[in-house]
Amino acid sequence: MASTAAASAREILTGLHEIMAKRGSAQSKLDRVVDLIAEAMGSDVCSIYLLRDNYLELFATHGLRKEAVHVTRLRMGEGLVGTIAGEGRILNLGEAAQHPSFAYRPETGEERFHSFAGVPIVRLESPIGVLAVQNADPRGYEDVEIEALQTVAMVLSEMIAGARLVDGARRSRLRSAGPLRLSGLKLVAGMAKGEAVFHEPRIVVEHTVAEDIEAERDRVYSAFRKMREQIDNMAKEAEFGTTGEHQEILETYRMFAYDEGWSRRINSAIDSGLTAEAAIERVQQRTRARMQEIDDPLLKERMHDLEDLSNRLLRIVSGRMGTAAQTGLTRDAVLIARNLGPAELLEYDRRRLKAVLLEEGSLTSHMTIVARAIGVPVIGRLHDIRHSVEDGETILVDGDNGSVIIRPNRQLLLGFEQRMALSQRRRAEFAAIRNLPARTRDGVKVSVMVNAGLAEDAAALPMTGADGIGLFRTEFQFLVSATLPGRERQQRLYTKVLEFARERPVVFRTVDIGGDKALPYLTDEAEEQAENPAMGWRALRLSLDRSTLMRAQARALIEASGGKVLRVMFPMVSEPWEYEEARGIFEEQVDWARKAHRKLPARIEFGVMIEVPSLAEMLDQLLPRVDFISIGTNDLTQFLFAADRSDPRLAQRYDWLSPAILRFLKRVLDSARAAGVPARICGEMAGRPLEAMALIGIGAENFSITPAGVGPVKAMVRSLDAAAVRARLDQLLARPPKDMRKALTDWARKHSVTIG
Ligand code: PEP
Ligand code: MG
């Protein structure tokens with residue numbers, strides 16, 4: 001029977017195709033299908049069970065008693081058929097009655113049949129039925145026979161979905177598992193409710209039967225070639241980086257992408273008459289079924305990588321490579337991805353995007369910063385989230401605690417909604433103090449500005465209660481553009497930002513491109529191969545080498561600031577000469593503008609970011625030449641600790657409140673004060689109340705933070721005694737405790753400081 005089955009799989013498909021094409025009721029078609037399969041496979045019985053009202057109902061049979069049709073019903077998980085559907089497993093039994101799940105149904109008359117094989121009928125990764133064969137003689141079915149059954153099940157699923165034989169468009173594989181709570185790393189706080197949307201959507205296979213087998217083979221061949229090319233190029237993409245875990249994933253991808261066994265299995269599925277899409281899906285179903293039987297978590301993880309790759313191959317072969325952003329969000333969405341870049345995030349409709357859940361992600365990556373800036377909660381390090389949820393399922397996101405609930409029941413939903421209302425009330429309380437001055441109890445005035453990067457952020461400035469924009473990341477405009485924004489486009493943005501800000505100051509930072517902010521239209525081959533782009537050709541280094549870019553930006557800023565104060569600062573300065581050179585470019589452009597009789601800025605203030613430790617050693621040379629400095633703790637800490645800011649494994653390893661960081665920052669702040677140069681702190685650190693309290697303790701008085709932090713930081717400032725916290729920090733830094741965070745938290749609690 002084995003060879004007959006293998007040879008006749010194609011014949012069955014041709015037969016199925018004919019049955020599907022002919023007129024007639026769905027029931028009459030199913031009746032003919034079971035006869036066809038039984039005959040072609042030489043089985044005594046062939047039956048189709050379909051899911052209806054949560055039961056697997058016998059819909060058609062060849063060989064069992066006809067009276068049992070639409071009478072025999074099994075629950076998910078009940079009997080052999082329920083086990084196959086419930087667990088997405090294949091059963092192949094020589095003696096069916098000996099299986100622990102065997103449930104005898106007398107109306108079927110099946111006691112005569114000893115051997116049994118069944119495969120799930122799957123649609124969108126969810127079981128919608130079971131296809132089973134039985135024989136009177138006790139025998140095990142061979143692999144090729146099981147594969148033939150799976151091929152037939154694929155085609156049946158298309159026919160069943162088309163005829164709407166099962167209730168609902170689809171059945172959830174996971175829904176039966178009920179609500180699921182997962183915990184990850186809290187990246188951006190906030191609570192949200194929405195439907196799951198995959199950043200890279202899964203493909204629904206529409207056509208299963210091949211018209212031209214050679215053509216299908218060619219399609220899959222060229223898809224494999226393209227996929228291998230993509231994998232080989234991935235190492236250079238920001239999405240994957242080049243370090244540690246990413247490298248491992250990439251290696252596994254490569255291994256699978258070049259695995260001959262995988263492509264051979266897909267090819268032989270095409271030989272049996274399936275389209276390229278259906279063949280890829282069928283092989284994947286088989287792998288998924290095998291995965292059920294594996295206990296080794298490491299191997300399971302690898303299998304997920306294969307699943308990823310299989311989805312990628314499907315997308316390539318079906319020509320649907322776009323992300324969900326390109327399709328557009330139609331409902332409140334919780335976006336799910338392995339990882340996401342800042343530009344990819346900004347492609348989404350901000351009114352519909354309620355939260356982002358990532359398998360990776362880190363606290364100071366630019367995607368996190370952008371999400372924080374636009375107020376979208378993000379949770380990272382949710383292992384396996386992509387395999388724990390299905391498209392369209394409800395997800396409750398608690399970004400305040402770093403947890404999510406998938407498929408909530410009514411009770412969970414109610415509890416969540418209550419907490420969400422509470423969190424909104426807290427936010428409203430913060431909103432109420434947003435416009436009060438940030439003055440400590442002993443009268444120290446703290447300046448609280450915000451970090452921004454888009455025109456919309458500037459428009460929202462009055463609502464934030466902030467004193468101005470302390471860091472305007474001009475590269476965001478570059479990140480959201482498909483092509484390099486020219487001088488005029490830049491100037492239009494800067495003009496708009498200054499208009500929105502009115503009398504409030506705005507500090508424009510020249511572009512910080514490179515590192516995790518790679519631009520497709522502005523890449524450098526050598527940089528693509530760089531081992532560590534964060535330490536590579538980025539920010540000012542790139543701007544000085546490509547001085548045309550910097551000149552254009554200087555002119556745009558100068559012209560946009562006609563009659564106003566222009567505040568400009570340079571990122572990633574490592575040595576004073578870089579600052580001099582950058583300032584020189586601006587001064588040249590001022591000369592040009594003067595000669596061209598353009599309206600000049602009323603004044604220009606020049607500043608630098610202190611984010612590369614080497615510059616902190618040169619402050620005596622630098623400070624007399626600058627109007628202000630701004631300490632970028634995101635980069636500064638990654639370089640101080642030699643810890644990649646976008647590597648999720650290091651996200652919780654180093655604390656911003658470590659004595660090393662606080663001592664370093666205090667030295668910089670003391671030098672600036674002695675030189676009479678204003679110093680601001682603009683990294684993510686300053687947006688957290690406890691961290692901001694410690695910064696005031698080492699003498700900081702100017703912050704530029706994420707807008708959502710303004711309320712909580714002001715509340716902290718207004719409850720704080722600056723002299724007392726400074727005295728405490730002096731003690732703690734002289735003799736650092738083992739756990740600085742705990743020591744500071746205890747002190748804050750004891751002194752009733754509002755740290756949230
Ligand atoms: C920083 O490095 O702290 C900073 C504010 O700049 P960015 O996060 O844009 O690198
Ligand atoms: Mg930086």
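Helix α28 sits under cover from several parts of the chain, among them α14 (410–434), β15 (447–452), α16 (461–464), α27 (689–697) and β22 (702–705), which help to cover its buried residues. The helix spans residues 710–718, and 8 of its 9 residues are buried. Please keep in mind that this is a predicted model; its average pLDDT is 87. Here is a tour of the parts you may want to look at.

**Helix α28**

- The buried residues of α28 begin with a run of Val 710, Gly 711, Pro 712 and Val 713.
- Lys 714, Ala 715, Met 716 and Val 717 of α28 are buried too.
- Both helices and strands contribute to the cover of α28, including helix α14 (410–434) and strand β22 (702–705).

**Confidence in the model**

- A pLDDT of at least 70 is reached by 91% of the residues.
- Residues 168–172 stay under 50 in pLDDT, and the model gives this stretch 12 contacts beyond four places in sequence.
- Residues 238–245 also stay under 50, with 18 contacts beyond four places in sequence.
- Where pLDDT is low, the predicted coordinates should not be read in detail.

**The chain as a whole**

- The chain has 756 residues, and 57% of them are buried.
- Its secondary structure amounts to 30 helices and 22 strands.
- Along the principal axes, the C-alpha atoms fill a box of roughly 95 × 55 × 40 Å.
- Of the contacts between residues at least 6 apart in sequence, 69% join residues at least 24 apart.
- The accessible surface is about 31600 Å², and carbon and sulfur atoms account for 49% of that surface.
- There are 103 positive and 105 negative charges, and the mean positions of the two sets lie 8 Å apart.

**Salt bridges within helices**

- The whole structure holds 46 salt bridges.
- Side chains of opposite charge can pair when their charged atoms come close.
- Arg 219 and Glu 216 form one salt bridge, with 2.9 Å between the closest N and O atoms.
- Both partners belong to helix α5 (residues 213–234), where they are 3 residues apart, or about one turn of the helix.
- An α-helix has 3.6 residues a turn, so residues three or four places apart point the same way.
- Arg 219 is partly exposed at 28% relative accessible area, whereas Glu 216 counts as buried at 11%.
- Arg 594 and Asp 591 form another salt bridge, at 3.1 Å from N to O.
- Arg 594 and Asp 591 are 3 residues apart in helix α22 (residues 576–595), which means they are separated by about one helical turn.
- Both side chains belong to partly exposed residues: Arg 594 has a relative accessible area of 47%, and Asp 591 has 39%.
- Salt bridges with shared partners also link Glu 475, Arg 509, Asp 512, Arg 538 and Asp 635 into one network.

**A salt bridge between loops**

- Glu 360 and Arg 338 meet through their side chains in a salt bridge of 3.8 Å, N to O.
- Glu 360 is in the loop between β11 (353–358) and α12 (366–374), and Arg 338 is in the loop between β10 (333–337) and α11 (342–346), so the pair ties together parts 22 residues apart in sequence.
- Buried means under 20% relative accessible area, so Glu 360 at 5% counts as buried, and so does Arg 338 at 12%.

**Two buried residues to inspect**

- Arg 583 lies in helix α22 and counts as buried at 16% relative accessibility.
- Beyond its neighbours within four places in sequence, Arg 583 is in contact with Phe 570, Phe 606 and Arg 625.
- Val 378 lies in strand β12 (residues 378–380) and is buried, with a relative accessible area of 0%.
- Val 378 and Val 188 are 190 residues apart along the chain, yet their C-alpha atoms are separated by 4.7 Å.
- Not counting residues up to four places away in sequence, Val 378 touches Leu 185, Lys 186, Leu 187 and Val 188, as well as Val 356, Leu 358, Met 367 and Ala 371.

Note on methods. Residues are numbered from 1 along each chain as its sequence is written. Chains are lettered from A and ligands numbered from 1 in the order in which they are written. This is a predicted model: local features need pLDDT of at least 70, side-chain atom pairs count only at pLDDT 80 or more; totals for chains, interfaces and linings use all residues. Side-chain values use heavy atoms; hydrogens and water are left out. pLDDT is the predictor's confidence in each residue, from 0 to 100. Contact means heavy atoms within 4.5 Å. Helices (H or I, at least four residues) and strands (E, at least two) are DSSP runs, numbered from the N terminus. Buried means under 20% relative accessible area, exposed over 50%, partly exposed in between (1.4 Å probe, protein chains only). Accessible areas come from the Shrake-Rupley method with a 1.4 Å probe; for residues, only the protein chains shown count as cover. Lys and Arg count as positive and Asp and Glu as negative; His and the chain ends are not counted. The place of a charge is taken as NZ of Lys, CZ of Arg, CG of Asp or CD of Glu. A salt bridge is a side-chain nitrogen of Lys or Arg within 4 Å of a carboxyl oxygen of Asp or Glu.
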